[in-house]
Amino acid sequence: MTAPQDAAVPPGAQAAPQDVRVGVIGVGRMGADHVERLSQRTKGARVSVLSDYARETAEKVSATAPGSRVVDTWQEVVAAEDVDAVLIASPGQFHREQVLACIDAGKPVLCEKPLAMNPADAFDVVRAEHEAGAQLVSLGFMRRFDAGYGQLKDALEAGELGTPLLLNCKHRNADVLPGFSDTHMVYDSAVHEIDAISFFLDEPATSVQTIVPRTTEKAPEGLHDPLLFVFRTASGTVVTDELWVSTNSGYEVRTELVGSKGAATVGQESGMVTTQQAGSRWGGSVPVDFRPRFIAAYDAEVQAWVAAVADGSNIAPRSATAWDGYVAAAVCEAAEQPLTADGTVDVTLQERPA
Ligand code: ISE
């Protein structure tokens, strides 16, 4: 009888001794998604320990990850002997402390965005990693691993589009979780486009103008939605970001780069288009939220991180780092400030540690 083919076995179902043992902090919507990914679709990794402030949720999610166990606190996840690397998917306000603990323990960490809810906290992480003398922190800006984003980045690097003149972004969510505020609009949502500036243009935004149009009646009370951000970089590229998070329809992320040699757009829906004679309708569907839309990007991001942890480099090529997280937080802070007389707010950055 021949042995079963490895390819037929889902990765998590047959843990190998050399697998990277991942501890997961926070297994709500995004964390549970990552546990599934690590257990079912990621090669060379398995979830060993996990925690959540809601123990019952942690138990339920653990039951889906063969060989994992639940602990009471995130500190126990970081300290656990059977955890080689940590994935953080808790709410943003806890990230600083949890990432600092991982650096202290010398464990590689993939932290969901944002790195922190203000630049001072984010810079603490940059400084701590620098003092530890080892690059340990990857930041979960998953769009960097999206196929369309990758193609656009490749085209820019190859000079096919010439000099980048404009980057036009649109970011739409069907709805948001309860408690979503204007601060979340910036640090949780627009932060993706803010990172896209660093990713595509290799330079951060140096100023921002946040424009508040009239608000949709579908927005939760107190939220200003939509918002329009206009960023500028040192070399003169202008970036627009139209953010609308309560469309009540679906999830859309579109990015258009206008360069001196041509324009390119990624993120246009390309699934099936149907003609429905009964309703006299023509069209397709949009994903309900970011999980189906970016499933391949999340898979690629986590797989690349696991491979980097396994080979000791800890941070995958093109991944966002602690510095990128700090830059994003500094730009977010500027985006949240009231407009100055000339309509813009400058971004202030600390010096990057050597
Ligand atoms: C959410 O946290 C995400 O990261 C999504 O990608 C983004 O579209 C959404 O606006 C955020 O709230």
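The following exercises, each with a worked solution, concern a predicted model.

**Exercise 1. Disulfides**

Determine how many disulfides the model contains, and explain the result for cysteine 102.

Solution.
Step 1. A disulfide is a covalent bond between the sulfur atoms of two cysteines. The criterion applied here is a pair of cysteine sulfur atoms within 2.5 Å.
Step 2. For cysteine 102, the closest cysteine sulfur belongs to cysteine 111, at 8.3 Å, and this is too far for a bond.
Step 3. Cysteine 332 is likewise in no disulfide, since the nearest cysteine sulfur, that of cysteine 169, is 14 Å away.
Step 4. The count under this criterion is zero disulfides.
Step 5. Burial is assigned under 20% relative accessible area. Cysteine 102, with a value of 0%, is therefore buried. Cysteine 332 also counts as buried, at 0% relative accessibility.

**Exercise 2. Helix α6**

Identify the buried residues of helix α6, what covers them, and which contact is found at the start of the helix.

Solution.
Step 1. Helix α6 spans residues 147–157, and its buried residues are Gly148, Tyr149, Gly150, Leu152, Lys153, Ala155 and Leu156.
Step 2. An α-helix has 3.6 residues a turn, so residues three or four places apart point the same way. Among the buried residues of α6 are Tyr149, Leu152 and Leu156.
Step 3. The elements covering these buried residues include the strands β7 (164–172), β11 (252–259) and β12 (262–266), together with helix α7 (182–201).
Step 4. At the start of α6, the backbone nitrogen of glycine 148 has a side-chain oxygen of aspartate 146 within 3.2 Å.
Step 5. After α6 comes glycine 159, which has a positive phi, near 80°.

**Exercise 3. Nonpolar cores**

State how many residues the largest nonpolar core has and which domains contribute to this core, then examine phenylalanine 231 and serine 207.

Solution.
Step 1. The largest nonpolar core has 71 residues, and Ile88, Val99, Phe200, Phe229 and Phe231 have the most contacts inside it.
Step 2. Domain 1 (20–143 + 296–327) and domain 2 (157–289) each supply at least three residues to this core.
Step 3. A second, separate core has 21 residues, including Val47, Ala58, Ala65 and Val302.
Step 4. Setting aside residues up to four places away in sequence, the residues that phenylalanine 231 touches include Ile194, Ile197, Ser207, Val239 and Val331.
Step 5. Serine 207 is located in strand β8 (residues 205–211) and is buried, with a relative accessible area of 8%. With the same sequence exclusion, serine 207 touches Val230, Phe231, Arg232, Val345, Asp346 and Val347.

**Exercise 4. Ligand surroundings**

List the residues around the ligand and give the polar distances for lysine 113, histidine 171 and histidine 192.

Solution.
Step 1. Around the ligand are Lys113, Met142, His171, Asn173, Phe180, Asp188, Ser189, His192, Tyr251 and Phe290.
Step 2. An N or O atom in the side chain of lysine 113 is 2.8 Å from an oxygen atom of the ligand.
Step 3. For histidine 171, the corresponding distance from a side-chain N or O atom to a ligand oxygen is 2.6 Å.
Step 4. In histidine 192, a polar side-chain atom lies 2.9 Å from an oxygen atom of the ligand.

**Exercise 5. Histidine 95**

Decide whether histidine 95 is buried or exposed, and list its contacts.

Solution.
Step 1. Histidine 95 belongs to helix α4 (residues 95–105).
Step 2. Its relative accessibility is 1%, so histidine 95 counts as buried.
Step 3. Beyond its neighbours within four places in sequence, histidine 95 contacts Ile88, Ser90, Cys111, Glu112, Lys113, Pro114 and Leu115.

Conventions. Residues are numbered from 1 along each chain as its sequence is written. This is a predicted model: local features need pLDDT of at least 70, side-chain atom pairs count only at pLDDT 80 or more; totals for chains, interfaces and linings use all residues. Side-chain values use heavy atoms; hydrogens and water are left out. Buried means under 20% relative accessible area, exposed over 50%, partly exposed in between (1.4 Å probe, protein chains only). Helices (H or I, at least four residues) and strands (E, at least two) are DSSP runs, numbered from the N terminus. Contact means heavy atoms within 4.5 Å. A polar contact is a pair of N or O atoms within 3.5 Å; within protein, one must be able to donate a hydrogen and the other to accept it, and residues adjacent in sequence count only if both atoms are side-chain atoms. A nonpolar core is a set of buried Ala, Val, Leu, Ile, Met, Phe, Trp, Tyr and Cys residues joined through side-chain atoms within 4.5 Å. Domain bounds come from an automatic or database domain assignment. A residue is near a molecule or strand if one of its heavy atoms lies within 4 Å of it.
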